[in-house]
Amino acid sequence: MDELKQAIVPTYIQSLGLEGSLELWVPAHEEDSINEVVAEEQNFDCDFVLKGELIAFDSGIFTRKSNLFPRCIHWNVFKNQTLVLSEVSLKKESSCIPSFNIRIHFPSQVLKNCITFGFDDEKDEVSLFVITSTRVLYSIQLKPEWFLSSNPTVDEGWCTYYRPPSFLTKSPSYATGVDRSSLFVTFDIGGLVKLNLTSNNNQIREEHYHDSRYMTSIRHYLTLQAFKNDYRPPNSIVSMVYNHRYHYLLTLSLDHTLKIWNSLNGVLLENISFEPPSVQNSNALSYLSIDSFTQSYVSVYCPNSTHGYFSFYKFDLDPDNGTFLKLSPLVTNITPPRLPDDEYLPWTLLKTSLICLDQHNLRFNLFLAWKSNLHAVIQCAEVVPDIDQTAKVTWKSTKKNTFANFDKFSFDIPTTMSFGDVSEIWIDNLLNKKYISPESLQLAFLCYQKVNPYTSKSKMDSLLSTSISELMKEITTMIIGSVPVQPEFGSSSFDYPAYRQALYNEWERFAKLTLYLDSFGSEVLSIEVDSNSKNMYVCYANKIGVLREPVNIEYLDGDLINNMLQLPEMKAPDLVSGYQLLDLACSLLNCLPSAILLEIRFSLQELTKNPASYSVFDTLWIFFDKYIYPNVNPDHLKSLAESFASRDNPIADIKSLINYIRGFPEQSVSFSFTPFFSLALSNTLITVLGDLQTSLEALIFLLSIASSQQDVQLEQKVFGSDELFLELLDIWKKVSFFTATFNLSLEYVDIDYSKIDDQTLQSNLGIVSHLNSPFEILVTFFCRENQLRGQSFSLETSLKYFVSRLLKDSSSTQIISEAFEKLLLLKQHNACSALLSWLGFDSICQYLKAITYLGSKETQKSVYYFKHANLNVNKLEISERPLLKEYVETAHKYSLDSQLSSYYLYVSKLLSTEGAYVDALEFALMADSLKGKDINLASDIRRQLFFTSCASSKFDTAYSALLLIKNKKEKSDALNEFLKQLAYKGKLFRLIDYSMPSLQDEVDSILEKRSFQMIDVRSQPCWYNVLYSWRLKNQNYRDAAAIIYEKVLRLLSSDSFKKDQETEILENYLVVLNALKLLDPEEAWMLVTDVSKITTGIEQTYFPQRLVTLDNVSMEYEAHLQNIAREVTTQICSAAAIDF
């Protein structure tokens, strides 16, 4: 039987990329218990807490065939009282992207199988019906904006509750929605009723079907069998489905009776009885499943002594009026294959699901979910009906144990391994298992600390809002802190090997606890087919799975290679041989310790960065002698070499295998991405890339073994292995780079997306905000790029496309630099810093390194790589790069012979934006030295020189650049900036060092304007004093005296004038007198503002002037001096009188 794989996404706010939850509490019915269960004695067991708080009691998927939102809702019931709803569509059919889930809290326990939805194909709103254990029916109107906004509008009548009369004597067992105001309900003691709800007056109308009236219930209680706890009457319904297309209800009862009802008038259309088996499994029930795509076919499961059988039926309608005629058999007696360990495990059918894949040439997929305790198996039957009610059936199945195996977590500890490496490997092992629920990590963290989750509920709630990366940091700190370093026996030094082993043991203990807790979430609760995308959802207790076909590279898992070799395309002998060689090579990896594999991967990475100075064959020899020969049994090596030599052309066989895997298949399903699709794709792809990375390493090892054997026959067979080795190494580099991005965290930064000139980024902005790692972003972008070019996508084809792209002929340098560019456009500098070792040494990679260091505030490293990145704008790969578009546009404005100068100018501007003004000035000077004869370039360089010089306080250089500016307006603006920077840096005194040819009057005007704009003339810098110094330097004594005199007048007229300012006024008078006395006596005069003629409250167009001579200033000075003398004399006399 072929194997099915799954894409797993934990049902966790951060795992789903959601911003938060909308919390709602339904109004309690007057008889509905607020706390139904009596508080038991508190149980602090981890299992109890996990099951109560984090493991779903019931789960399912609601889908509808429409272009509405929400279209695919995943629901979970936690603590039996909290219903959580999340939108998980794989196919994007509206512009809405969900950002929140909905948590609805009920006052009592929610009944299993009593959650259903009612919908209208024309409206976005959905009705949710929930029945609690106190027999209260809640009708909730779900609004689309509840999934989109953090503060949506919740109408007053969003929830109504009912207590139908039938619920007084009978307990509901199943419910299915009809439309937004009606539903069908069955009861555990038999009976069926249709409930029609009216929201205006909270009234409910019952339509009884199938012996569900009150007197029937009374008769039931009069039978002796009714007093048995597990008794169910033969007519009790065990499965029920509703046909929304034809408005038919199908019910299957315990006595194997199938009934079809017309829901519009309550008429029983057909009654079909199945013959019960002679020996029946007491745990098995009959099941119905209707084709979710056409609504025209139904499957019926009938149990027997083994695993039962299935039959398919078709709705026959009257061609004239479309009324129901009969349910005609299409296929009978489809028997499921054996289940794993079915001699020992009691397998029970949990649910079935049917979908029609092709209406013209009939073809179906029938999905079965089998369950045995926590074990689960999902089977898929592709059914092609034939004549005589027979069919061709092909079965596929998932493995029994789908989730984590602890054996893959452990690794050996060599003596050379550091303590940090031990923790780092354990963290990677835990995080690489993406399907492990974050809640399991959180609870394991609390349990490891011996924290009581009930008494520390606040701490548990705070962990729910903690990111995975932050949580792993706390876990690492906790584990490292719990392991003390002990001294060696009889020595004063510490026993570091013992500490390393103890640290490993603590990590192993924590990992086992996490996996044990997470195993409870692996229970399958339901399955459902999406009628639009035709994908099968698997609902686990804390995860969502999506069934998928395995990609080519995954066929090496277990016995799948044997099935792979049976495919039609595998008839080529070289392809079969290639898979067999790969299978042999993978057996070699099991002989190598994990520490050796880590060392080999590091060596391979170094080899991709620095090509060896010796031949490829010597490199293969070194790998064999250093890593393989000391760690693998010689007999095993000999058998591998003989198997390799037995092939006619093993090198060509391996190349055929690589070409087959890189082949991109035809597309069949076309749709746009949703955040959930990206998450499911990423979580699956990391496993696929891990298998691909392992396979590439195995083939490299196999080549090293074959090339290192001294065998004449092998020497002929390894011809061309050098070229193959380089190809495999290049592919390995690409695969390893993407796997290295998986455990990196995203930085949450503000980005102006309007400035990102990247079509793929622009089309995925809504998805980016919901992703959790650089790996998820890169996977989404690289798959979406192809989709934008007209390709169509499903989950399987997206996986195959991404793998095939990694195996394409393009070099690893190109695809890695493209990935780097995507991350840099999103300002993920920390992630890029961790991935720098994967970049090459060409000009683009050097530039990407410089941008990464610049964003990480490592300016000196950035400058180093900027100097080594000489970008040629004429190269096609540069001109098409969105990250380089601004530079390309800058370079094209100038002449071609000035490209290097324009590059330095562009880098100078980049450094300026990051505040590295000294380095920006250096690049501006380099640009100036190479500017050539381009006038526009020279002008831009001068401006940049001036700006960076001012910002870096290199005022001599700024002054030189200022004088070279030709444009009058630009020069005036630069002069203002120059004076502003001098003042800001506290260097205004240096102004008199610059002569400012042809700018003296403009400088004077600027300084005068700044002086008159001063509010407090005593503040610093005092522009009056600066202007005085400037005019004095230029021998403009009259105006120098005038500006200080203006300052004196402002001091005297100030409301805040104080006596202690008299000395300052006298000093300023002396400055004025000194300046005027430098003039000839007859020229010793000045014009100043006539304050007495200024009218207050009226805007002045000009200020009246008055003439002030040297004598006037002397008289004012003498008068002011005499006033001060009188005041001083008065103060002395007053003091003397007091003493007397």
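In this predicted model, E23 has a relative accessibility of 33% and therefore counts as partly exposed, and R103, at 26%, is likewise placed in the partly exposed class. These two residues form a salt bridge in which the closest N and O atoms are 3.3 Å apart, and the contact links distant parts of the chain, since E23 belongs to strand β3 (residues 20-25) and R103 to strand β7 (residues 100-105), 80 residues apart.

The count of salt bridges comes to 29, and among them is the one between K396 and E549, whose closest N and O atoms are 2.5 Å apart. Here, too, distant parts of the chain are linked, with K396 in strand β27 (residues 391-397) and E549 in the loop between β30 (543-548) and α8 (560-564), 153 residues apart. K396 has a relative accessibility of 16%, so this lysine counts as buried, whereas E549, with a relative accessible area of 28%, is partly exposed. A further salt bridge joins R1018 and E1064 at 3.2 Å between the closest N and O atoms; R1018 lies in the loop between α32 and α33 (1023-1033), and E1064 in helix α35 (residues 1062-1077), 46 residues apart. R1018 is partly exposed at 42% relative accessibility, while E1064 is buried at 18%. Salt bridges with shared partners also join D940, R943 and E970 into one network.

Turning to the aromatic residues, the structure holds 49 aromatic pairs. The ring centres of F184 and Y242 are 6.3 Å apart and their planes stand at 40 degrees, which is why the pair is classed as tilted. This pair links distant parts of the chain, F184 being in strand β13 (residues 182-187) and Y242 in strand β16 (residues 237-243), 58 residues apart, and both residues are buried. F978 and Y994, by contrast, form an edge-to-face pair, with 5.7 Å from centre to centre and 70 degrees between the planes. Because F978 lies in helix α31 (residues 968-984) and Y994 in the loop between α31 and α32 (1000-1012), the pair ties together parts that are 16 residues apart in sequence; both F978 and Y994 are buried.

Helix α30 (residues 955-964) has F955, A958, Y959, A961 and L962 as buried residues. They cover an arc of only 165 degrees around the axis, so they lie on the same side of α30, and the buried residues of this helix pack against α29 (935-951) and α31.

Charged groups also meet aromatic rings: the charged end of R1010 sits over the ring of W1023, 5.1 Å from its centre, and R1038 lies over the face of W1085, at 4.1 Å from the ring centre.

Conventions: Residues numbered from 1 in each chain as written. Predicted model: local features only at pLDDT ≥ 70, side-chain atom pairs only at ≥ 80, totals over all residues. Heavy atoms only, no water. Phe/Tyr/Trp six-rings, centres within 6.5 Å; stacked < 30°, edge-to-face > 60°. Helix = DSSP H or I, 4+ residues; strand = E, 2+ residues; numbered from the N terminus. Buried < 20%, exposed > 50% of the residue type's maximum accessible area, 1.4 Å probe, protein only. Lys NZ or Arg CZ within 6 Å of the ring centre and 35° of its normal. Arc of directions from axis to C-beta. Contact = heavy atoms within 4.5 Å. Salt bridge = Lys/Arg side-chain N within 4 Å of Asp/Glu carboxyl O.
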